Amino acid sequence: MKLILLGAPGAGKGTVAKMLTAIDGSVQISTGDILRGEVQAGSDLGRQAEDYMNRGDLVPDSLIMGIMEKRLQQPDCAKGFLLDGFPRTIPQAEALKELLNKLGITLDMVVNIDVPREVLLDRLTTRRTCTNSECQAIYNVKSMPPKQEGICDKCGSPIVQRDDETVEAITHRLETYNQKTAPLVGFYEKEGQLQTITGTSSDAVVNAIKSELGM
Ligand code: AP5
């Protein structure tokens, strides 16, 4: 499958992407995970991105497009991919459209996961993430706790709250989403590619996507 997952911070894009990649071996491409990996590695890119991320601002489009042009041409993308957190602005969506045309890739669908704001706030303040950049498993202290507190079930590394999960940064990320990313819903509606799925159950979202794709 070749999908874009749209949705506000905390809508469950990462959770749904992991469930879908387990079904058919498509790759999850999360620009947030790539950027956090660069910050952890202390690379030039990570240093440029870190302040934007910690404030809850978007990283400049030029940096993101540089990452994605390379990533989408890697051989594992031939198995299919789920774009999680990209595109995030109209210029990114336009650049992606051009890039996919150039590479001869057709998307199956753009999925907009629509979740009420109070649920988003609650989920983001209770999320915990594995610190191992190879794993990055997601937990939630309320709905999906690890078996042993503070330790990843999958790889045994510590799990922590992300640096951009202060109440101020979360509030700012939600505002940034409304201003810069929500307009993509209209963009993909016009392209005739959008499916909006409203609901708070990740199983229901995954089943709706499978049914739309005839899986
Ligand atoms: P990014 O990492 O993409 O963060 P985000 O979009 O804010 O999305 P999240 O990861 O917070 O949410 P999610 O929808 O994946 O939710 P999850 O499944 O984890 O970006 C971080 C930063 O990087 C940005 O602020 C920006 O600075 C930069 N950046 C990234 N991409 C960029 C781009 N393209 N352009 C510019 N800058 C960019 O779920 C959340 C929680 O809810 C978890 O705890 C989970 O367990 C729980 N949960 C999920 N589903 C359910 C459910 N059904 N029931 C109960 N709990 C659930």
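Okay, let's start with a helix pair: the axes of α4, residues 61–71, and α5, residues 90–103, come within 10 Å of each other and cross at roughly 25°. Angles under 35 degrees count as roughly parallel, so that's the label α4 and α5 get. This is a predicted model, by the way, so please keep that in mind as I go through it.

The crossing of α4 past α5 is right-handed. Who makes the contact? On the α4 side you've got D61, I64, M65 and E69, and on the α5 side P91, Q92, A95 and L99. Sort the residues of that contact by character and you get five nonpolar, one polar and two charged.

Now, a second pair to hold up against that one. The axes of α1 and α9, the latter being residues 202–212, also come within 10 Å, and here they cross at roughly 55°. That angle makes α1 oblique to α9. The handedness is right-handed again, with α1 passing α9. From α1 the contact takes T15, V16, M19 and L20, and from α9 it takes S202, V205, V206 and I209. The breakdown for this contact is six nonpolar, two polar and no charged.

Okay, on to the ligand. How many residues surround it? The count is 35, and the closest are P9, G14, G32, G85 and R127. As for which elements feed that shell, α1 (13–24), α2 (31–41), α3 (44–55), α6 (117–126) and β6 (138–140) each give at least two residues. So α1 turns up here too, having already appeared in the packing with α9. By character, the shell splits into 12 nonpolar, 16 polar and seven charged.

Next, what the record says. The unreviewed UniProt entry puts "binding site" at T31, R36, D57, L58, V59, G85, F86, P87, R88, Q92, R162 and R173. Do those positions gather at one spot or spread out? They don't all gather at one spot, because they span 143 residues in sequence and the farthest two C-alpha atoms are 24.6 Å apart. A couple of names to pick out of that list: G85 is also among the residues closest to the ligand, and Q92 is part of the α4 and α5 contact. F86, meanwhile, sits in the loop between β3 (81–84) and α5.

Last item. That unreviewed entry also annotates residues 127–164 as "domain: Adenylate kinase active site lid". In the model, the end C-alpha atoms of this span lie 11 Å apart, and the span is 0% helix and 24% strand. R127, where the annotation begins, is one of the closest residues to the ligand. Okay, that's me done.

Key:
Residues are numbered from 1 along each chain as its sequence is written. This is a predicted model: local features need pLDDT of at least 70, side-chain atom pairs count only at pLDDT 80 or more; totals for chains, interfaces and linings use all residues. Axes are lines fitted to C-alpha atoms, for helices over the stretch in contact, and angles run from 0 to 180 degrees between N-to-C directions. Helices (H or I, at least four residues) and strands (E, at least two) are DSSP runs, numbered from the N terminus. Angles under 35 degrees count as roughly parallel, over 145 as roughly antiparallel, 65 to 115 as roughly perpendicular and the rest as oblique. A crossing is left-handed if the near helix is turned anticlockwise from the far one by less than a right angle, and right-handed if clockwise. Two residues are in contact if their C-beta atoms, placed from the backbone, lie within 7 Å. Ala, Val, Leu, Ile, Met, Phe, Trp, Tyr, Cys and Pro count as nonpolar, Asp, Glu, Lys and Arg as charged, and the others, Gly among them, as polar. A residue is near a molecule or strand if its C-beta atom, placed from the backbone, lies within 6 Å of it. UniProt positions are given in the numbering used here, feature names are shortened, and annotations may be inferred rather than shown by experiment.
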